[in-house]
Amino acid sequence: MYDKPISRFDFSFSKAYTLPIVESGEPVVPVGLCPDRVVVLQQYYLEGIKGALPEAYLREEVFRRLVSAARNLPKGYRFVLFDGWRPVKLQKGLFSAYVERLRSEYPDASEKTLQEMASKYVALPSKDPARPSPHLTGGAVDCTIADEDGVMLDMGADFDETSNRSKSRWLEDRLEAGETLSERELFVLRNRRMLHAVMEKAGFTNYPEEWWHFDYGNQNWALITGAKNAIYGPASPRFAWRTP
Ligand SMILES: C[C@@H](N)C(=O)N[C@H](C)C(=O)O
Ligand SMILES: [Zn+2]
């Protein structure tokens, strides 16, 4: 069970952003209404990041696919959703916070270099209809799995950890290189494979630098699946009284 290796993909945002988008017009819906399968833990709201909201939102089909993926988890297990749809203000807040962190680590690096480095872990903020940041489309999901006690599985790297350990294939690569993994690492490998397998079965693709980030319907997804176009451009939930 869960012994299929996580596949390799040579991903690049610049390639993904060249793909056409044929917008489906599907609504962006709240996620908190299916807590037996998906627990919402809005990490950026909890951390007080500007633009973050207390509820999570996804395109309707993405939400349905996430719920259907949860049905393939072991009994009592659920998804924990750290983030879904993002307003551009939040994408900008995350990007600039990370650029500032990198600036203090690399004081001599140019602005262009810092932005290139930052975009490995936070997509460039953009609501350009031809190249939107993935989370602005409502088609990107940052998630993990919790067991029947509500404890998150050990994935070997924290959510949003900016290190090599976050690579989805971190342990696959070490195994392929002939390394012997510890008991804990074998457990982590099985947990990552479980997450990957259930998400892939539900039609999601994974961003190879982050074990927690999955896509459906946006340009990242179109690049990895070979679909001729993405179906989600930038979108927003309907807020009658507020524009985020
Ligand atoms: C910030 C992180 N959780 C994430 O979602 N990164 C990807 C690259 C993104 O911003 O789309
Ligand atoms: Zn993400």
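Ala, Val, Leu, Ile, Met, Phe, Trp, Tyr, Cys and Pro count here as nonpolar, Asp, Glu, Lys and Arg as charged, and the others, Gly among them, as polar. Apply that to the shell around ligand 1 in this predicted model. Its residues divide into seven nonpolar, three polar and three charged. The shell holds 13 residues around ligand 1. Those that come nearest are Val122, Ala123, Pro134, Asp142 and His213.

Turn next to the interior. The largest nonpolar core has 43 residues. Within this core, Val31, Leu58, Leu66, Leu81 and Val141 have the most contacts. Take Leu66 as an entry point. Leaving aside residues up to four places away in sequence, Leu66 touches Val38, Leu58, Phe79 and Val141. Another core lies apart from the largest one. This other core has nine residues, including Ala52, Leu94, Tyr98 and Ala118.

Leu94 and Tyr98 lead to helix H4, as both are among its buried residues. H4 runs over residues 88–105, 18 residues in all. From its first C-alpha to its last it reaches 26 Å, close to the 26 Å expected at 1.5 Å a residue. Leu90, Gln91 and Phe95 complete the buried set of H4. Where do the buried residues of H4 fall, seen down its axis? They fall within an arc of 130°, so they line one face of the helix. The general rule is that an α-helix has 3.6 residues a turn, so residues three or four places apart point the same way.

What do the buried residues of H4 pack against? Their partners are helix H2 (43–46) and helix H5 (111–118). On the other side of H4, Glu100 and Ser104 are exposed.

Notes:
Residues numbered from 1 in each chain as written. Chains lettered and ligands numbered in written order. Predicted model: local features only at pLDDT ≥ 70, side-chain atom pairs only at ≥ 80, totals over all residues. Core = buried A, V, L, I, M, F, W, Y, C linked by C-beta atoms within 7 Å. Buried ≥ 20, exposed ≤ 12 C-beta atoms within 10 Å, placed from the backbone. Contact = placed C-beta atoms within 7 Å. Near = placed C-beta within 6 Å. Helix = DSSP H or I, 4+ residues; strand = E, 2+ residues; numbered from the N terminus. Expected span 1.5 Å × (residues − 1). Arc of directions from axis to C-beta.
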